[in-house]
Amino acid sequence: MKIVIAMDSFKESMTAKEACEAAKRGIKKACKNADIMLIPMADGGEGTVQALVDASNGKLFKEIVTGPLGETVEGFFGILGNSETAVIEMASASGLELVPHENRNPLITTTRGTGELILKALDKGVKKIIMGIGGSATNDGGVGMAQALGVRFLTENNSKEITGGGDLQKIIEIDVSGIDPRIKETEFLIACDVSNPLTGEQGASAVFGPQKGATLEMVEILDSGLKNLALNIKNSLNIDVENIPGAGAAGGLGAGSIAFLNARLQKGVDIVIDCVGLNEKMQGADFVITGEGRIDGQSIFGKTPIGVAKIAKENGAFVIGLAGSLGEGYEKVYDSGIDCAFSIVNGICDLEKALANGAENLEKTAYNIGKLLNFK
């Protein structure tokens with residue numbers, strides 16, 4: 001019996017690797033002769049770097065970079081086992097969690113630290129960079145990132161550098177002649193799971209600005225700034241980014257990545273699936289166990305368990321989903337490749353206890369599942 005365990009992280013409880021290992025311990029107790037393969041997974045959001053580093057026997061690097069408000073923060077990136085691919089989570093340098101609620105202001109937050117992480121990764125000699133852009137604190141269209149890479153944004157009097165979304169209206173020309181030459185030699189793949197355009201009612205500022213601290217007045221300023229940025233990108237670079245699906249992701253970093261990195265946008269879980277070679281590793285599997293902290297009706301929209309289930313079904317495997325909780329509408333996953341789903345919490349308890357006991361509960365649940373799989 002071949003069992004593939006391909007888990008995402010259980011946020012604040014277990015990394016993807018730890019979740020895979022806990023499930024393996026439980027299955028192995030009941031199915032001693034099973035052939036078990038562990039594949040830590042992610043969907044491009046938080047935990048993607050760690051999951052891909054673990055899955056490929058890569059290495060994690062921590063670096064001091066510029067934070068969203070111009071302060072210094074400790075960001076990180078990973079180099080995969082092939083030594084040619086880096087993985088970056090922009091949130092580690094430019095994320096919303098780095099900014100206290102009372103200080104959240106997308107008029108002034110910057111993606112400069114994300115650009116600095118790109119430079120640090122390039123210093124390692126990589127040829128490809130995968131970047132997850134969820135969880136941003138920014139609305140600067142990737143201008144801060146681009147400035148770190150050597151792009152100049154000219155204003156009327158060139159009095160100061162663009163420092164956030166509130167300054168984008170001042171741009172009159174873009175000069176990319178000073179961009180780090182390694183950018184053109186590097187493949188950039190952006191994990192992006194939203195389809196919002198850069199501007200307008202469904203754009204970056206209107207949809208995501210308020211959660212980053214923007215008032216209605218700020219949203220108008222930010223949207224106007226992104227429109228001006230798009231116009232200048234079109235005039236200076238001959239690239240029309242304004243209405244590309246996903247351009248509005250991460251406060252317009254999607255658009256900035258296309259314009260300044262020549263990046264491709266792709267669903268995060270699909271990037272991870274390709275990166276870890278999931279289809280090849282899934283061949284011959286009888287059962288696949290996947291899961292994450294919560295499975296609910298929204299899981300069908302690009303979450304890890306559904307991505308794993310799709311590949312599993314293509315290979316004829318039975319799919320079991322495990323989660324800390326099964327939320328409203330979780331039954332929808334049964335129409336998307338998961339055959340059965342279970343919560344690992346075995347009794348009434350508070351969230352703190354559930355998180356602390358996550359690995360133990362996952363192991364116990366996997367043991368019970370193993371007993372069923374081993375039934376004769």
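**Exercise 1. Helix H11 and its surroundings**

Determine which residue with positive phi follows H11, and establish which residues of H11 are buried.

*Solution.*
Step 1. In this predicted model, H11 is followed by Gly 316, whose phi is positive, near 75°.
Step 2. Within H11, the buried residues are Thr 304, Pro 305, Ile 306, Gly 307, Val 308, Ala 309, Ile 311 and Ala 312.
Step 3. Because 8 of the 11 residues of H11 are buried, this helix is largely enclosed by the rest of the structure.
Step 4. The packing partners of these buried residues are strand S1 (2–7), H9, helix H10 (278–282), strand S11 (287–295) and strand S12 (318–326).

**Exercise 2. Helix H9**

Identify the buried residues of H9 and state what covers them.

*Solution.*
Step 1. Gly 268, Val 269, Ile 271, Val 272, Ile 273 and Val 276 are the buried residues of H9.
Step 2. Their cover includes helix H2 (48–56), strand S6 (128–132), S9, strand S10 (264–266), H10 and H11. The packing partners of H11, in turn, include H9.
Step 3. Just after H9 comes Gly 277, with a positive phi of about 65°.

**Exercise 3. The second largest pocket**

Describe the second largest pocket by its volume, the residues closest to its centre and the character of its lining.

*Solution.*
Step 1. The volume of the second largest pocket is about 180 Å³.
Step 2. The lining comprises 13 residues, of which Val 269, Asp 270, Ile 306, Gly 307 and Lys 310 are the closest to the pocket centre.
Step 3. Helix H9 (268–276) and helix H11 (304–314) each contribute at least two lining residues.
Step 4. By class, the lining residues are 6 nonpolar, 2 polar and 5 charged.
Step 5. The burial assignments can now be set beside the lining. Val 269 is among the buried residues of H9, while Ile 306 and Gly 307 are among those of H11.

**Exercise 4. Cysteines**

Explain why the disulfide count takes the value it does, using the sulfur of Cys 20 and its distance to the closest cysteine sulfur.

*Solution.*
Step 1. A disulfide requires a pair of cysteine sulfur atoms within 2.5 Å.
Step 2. The cysteine sulfur closest to that of Cys 20 belongs to Cys 275 and is 15 Å away, so the separation is too far for a bond.
Step 3. Taken from Cys 275, the closest cysteine sulfur is that of Cys 20, again at 15 Å and too far for a bond.
Step 4. The count is accordingly 0 disulfides.
Step 5. As to accessibility, Cys 20 is buried at 1%, whereas Cys 275 is partly exposed at 31%.

**Exercise 5. Aromatic pairs**

State how many aromatic pairs the whole structure holds, then classify the pair of Phe 61 and Phe 77 as stacked or edge-to-face.

*Solution.*
Step 1. The whole structure holds 4 aromatic pairs.
Step 2. The ring centres of Phe 61 and Phe 77 are 5.4 Å apart and the ring planes stand at 15°, so this pair is stacked.
Step 3. Because Phe 61 belongs to strand S3 (residues 59–66) and Phe 77 to strand S4 (residues 72–79), the pair ties together parts that are 16 residues apart in sequence.
Step 4. Phe 61 is buried at 15% relative accessible area, and Phe 77 is buried at 0%.
Step 5. For Tyr 330 and Tyr 334, the centres are 6.1 Å apart and the planes lie at 80°, so the pair is edge-to-face.
Step 6. Tyr 330 is partly exposed at 22%, and Tyr 334 is partly exposed at 35%.

**Exercise 6. Two residues of one loop**

Ile 183 lies in the loop between strand S8 (173–175) and strand S9 (187–191), and Val 176 lies in the loop between S8 and S9. Decide whether Ile 183 is buried or exposed, and list the contacts of each residue beyond four places in sequence.

*Solution.*
Step 1. Ile 183 is buried, at 3% relative accessible area.
Step 2. Beyond four places in sequence, Ile 183 touches Ile 118, Leu 122, Leu 149, Phe 188, Phe 260 and Leu 261.
Step 3. One of these partners, Phe 260, is 77 residues from Ile 183 in sequence, with a C-alpha to C-alpha distance of 8.5 Å.
Step 4. Val 176 is partly exposed, at 30% relative accessible area.
Step 5. Under the same sequence exclusion, Val 176 touches Val 151, Leu 237 and Phe 260. Phe 260 therefore appears in both contact lists, given that contact means heavy atoms within 4.5 Å.
Step 6. The C-alpha atoms of Val 176 and Ser 56 are separated by 35 Å, at 120 residues apart along the chain.

Terms used
Residues numbered from 1 in each chain as written. Predicted model: local features only at pLDDT ≥ 70, side-chain atom pairs only at ≥ 80, totals over all residues. Heavy atoms only, no water. 1 Å grid on protein atoms, 1.4 Å probe; cavity = no way out; pocket = protein on both sides within 12 Å on 5 of 7 lines; lining within 4 Å. Points joined across faces, edges and corners; volume = space filled by probe spheres on them. Helix = DSSP H or I, 4+ residues; strand = E, 2+ residues; numbered from the N terminus. Nonpolar A, V, L, I, M, F, W, Y, C, P; charged D, E, K, R; others polar. Buried < 20%, exposed > 50% of the residue type's maximum accessible area, 1.4 Å probe, protein only. Phe/Tyr/Trp six-rings, centres within 6.5 Å; stacked < 30°, edge-to-face > 60°.
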